[in-house]
Amino acid sequence: MTRPGGVWRNWARTESARPQRVEYPRTVAAVQRAVVAAAAQRLPIKAVGAGHSFSGIAVPPGVLLELTDLSGLVSVDVERSRVTLLAGTRLHRVPGLLARYGLAMENLGDIDQQSIAGAISTGTHGTGARFGGIAAQVVGATLVTATGDLLRVEDEENAELLPAVALGLGALGILVEVTLQCVPAFVLQAVERPEPLDGVLGELADRIAGDDHFEFYWFPHTERAMTKTNTRLPESAPRQPLSPVRRWVDETLVGGGVHDLACAAGTVLPTLVPPINRLSTRIWGDREFTDASDRVFATHRSVRFREMEYAVPIEHLRPAFDAVRAVIDERGWRIGWPIEVRVAAADDRWLSTAHGRHSGYIAVHRYWRQDPGEYFEAVEEIMLRLDGRPHWGKMHTLDAAALRSRYPRFDDFVALRDRLDPDRLFRNRYLERVLGG
Ligand SMILES: Cc1cc2nc3c(=O)[nH]c(=O)nc-3n(C[C@H](O)[C@H](O)[C@H](O)COP(=O)(O)OP(=O)(O)OC[C@H]3O[C@@H](n4cnc5c(N)ncnc54)[C@H](O)[C@@H]3O)c2cc1C
């Protein structure tokens with residue numbers, strides 16, 4: 001998102017920077033040249049994806065590498081269902097690239113605008129107790145390191161580095177290729193409906209364990225949860241997709257225009273928030289459809305917002321949710337944006353929010369024109385008490401001292417960074433804060 005005049009801004013408008021130079025490499029060799037040139041000039045260099053991180057993780061203080069042109073399929077290993085993509089490939093392009101091989105990504109988050117490198121570098125995830133985040137699908141990667149050399153990491157080569165490189169916060173080098181373990185293409189049956197919140201909370205453990213992909217949203221000041229349950233079916237299963245008109249009405253008209261108006265109204269007159277939320281639970285999310293997996297996982301988000309998301313051990317999910325609900329009531333805030341609750345399987349990525357533990361995620365949002373300050377602070381306090389780990393791409397205030405004790409492999413990651421980037425060519429202020437200089 002670099003504009004004429006040279007200002008880079010992220011999607012949420014929480015961060016901006018004026019990079020000294022912007023480069024658009026089309027080849028791996030061009031990325032190597034850019035890194036060598038930046039090192040010679042002692043300028044920090046940073047690749048950005050779609051700029052969809054809410055945190056300062058992608059802020060490019062020196063050279064900005066815009067990888068839009070480093071996009072597409074490099075190779076396919078049909079036998080092992082693995083594909084290698086150029087790092088700048090946007091997720092929404094991936095289904096088209098995989099279609100002729102009958103493959104799909106195993107799981108996705110809520111949107112598909114991100115680049116594959118950005119999504120894995122920040123630990124982007126969806127929901128599903130048996131499924132990891134996108135970085136857990138990575139079985140290989142190629143990095144341009146601070147010396148401009150290529151470092152290939154996969155089963156047969158430097159395998160011990162994979163759990164670090166697959167979720168590297170952009171701190172270890174510039175990813176140029178990413179190899180994903182895919183699955184046979186599949187269809188999802190989606191059931192989205194409003195339900196009484198207490199009932200959903202009462203059945204939470206069973207629904208998380210029993211359904212392939214379960215999540216729910218709760219609009220504060222209401223007693224209703226909007227549940228989303230996606231069931232995996234073979235690709236041959238009959239499809240009943242949403243009509244283009246219904247999709248437009250749900251996602252663009254109601255989820256976009258109407259929601260934007262409601263948020264703006266709630267900003268000017270906070271007393272309107274509870275009735276607007278009650279209305280929202282009536283007009284949002286009551287539908288069933290069956291479609292290709294990527295068309296069900298990903299939705300369109302047009303209203304700008306700010307977000308904080310924490311992962312807690314799965315057994316702390318309910319207490320964490322209850323505590324957030326209680327604090328909203330106690331403080332008398334009017335929160336117009338729903339709280340999102342998701343889950344993921346444990347994985348082995350060193351800096352994954354789900355490292356070594358099944359995890360529950362609680363995400364809180366505020367309309368971008370509202371100050372998230374007190375609300376996010378209070379939620380963060382709750383999450384930290386419950387052993388929470390912040391999403392690297394979303395807003396949080398933790399530094400290296402606070403993060404070290406939350407990740408058993410934190411010091412291993414820092415040591416690898418010291419080895420691969422001793423002069424901190426890939427630095428920015430966010431990385432200084434979270435990794436300690
Ligand atoms: C509307 C919206 C919905 C979202 N939904 C979800 C969701 O459902 N689940 C979830 O977990 N998150 C979600 N996010 C967060 C988002 O997925 C992450 O922040 C993700 O990193 C954004 O990808 P990006 O391509 O925009 O990366 P950027 O924000 O541009 O960059 C993120 C990091 O990746 C690094 N990076 C990018 N390319 C490279 C490269 N080639 N080599 C090395 N490092 C690189 C950057 O330097 C930076 O450190 C959402 C965000 C928005 C705005």
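**The ligand and the two sheets**

In this predicted model, a backbone N or O atom of Asp110 sits 2.8 Å from an oxygen atom of the ligand. The protein wraps up most of what the ligand would otherwise show: 99% of the 970 Å² of accessible area that the ligand has on its own is covered. Three elements each give two or more residues to the shell around the ligand, namely strand 4 (45–48), helix 3 (116–121) and strand 11 (174–181). Helix 3 hands over the largest share, with four residues.

Other polar contacts turn up around the ligand too. A polar backbone atom of Ala50 is 2.9 Å from an oxygen atom of the ligand. On the side-chain side of things, an N or O atom of Arg342 lies 2.8 Å from a ligand oxygen atom. Counting everything around the ligand gives 37 residues, and those that come nearest are Ala47, His52, Ser53, Gln114 and Thr122. As for chemical character, the shell splits into 16 nonpolar, 16 polar and five charged residues.

Next come the sheets. One is an open sheet of five strands, in the order 6-7-11-9-10, with antiparallel pairing. Strand 6 (73–77) and strand 10 (150–153) each have a single partner strand, so they stand at the edges, with one side of each left without a neighbour in the sheet. On average, and ignoring direction, neighbouring strands here are turned by 10° against each other. Inside this sheet, strand 9 (residues 138–144) pairs with strand 11 in the antiparallel sense over six bridges. To pick out one pair, Val144 has Ile174 of strand 11 as its bridge partner. Helix 1 (residues 28–40) packs on this sheet, where it touches strand 9, strand 10 and strand 11, and its direction makes about 140° with that of strand 11.

The other open sheet has eight strands in the order 16-13-15-14-18-19-17-20, again with antiparallel pairing. Its edge strands, strand 16 (287–292) and strand 20 (389–390), each pair on one side only. Strand 14 (residues 213–218) and strand 15 (residues 224–234) run antiparallel and are joined by six bridges. Across from Glu215 stands Lys228, in strand 15. Helix 10 (residues 317–331) packs on the sheet and touches strand 14, strand 17 (305–313), strand 18 (339–344) and strand 19 (359–367), with its direction at about 170° to that of strand 18. Helix 11 (residues 373–385) lies across strand 17, strand 18 and strand 19, and runs at about 10° to strand 17.

Technical notes. Residues numbered from 1 in each chain as written. Predicted model: local features only at pLDDT ≥ 70, side-chain atom pairs only at ≥ 80, totals over all residues. Heavy atoms only, no water. Near = heavy atom within 4 Å. Polar contact = N/O pair within 3.5 Å; in protein donor to acceptor, adjacent residues only side chain to side chain. Areas by Shrake-Rupley, 256 points an atom, 1.4 Å probe, with all protein chains shown as cover. Nonpolar A, V, L, I, M, F, W, Y, C, P; charged D, E, K, R; others polar. Pairing = 2+ DSSP bridges. Axes fitted to C-alpha atoms, helices over the stretch in contact; angles between N-to-C directions. Contact = heavy atoms within 4.5 Å.
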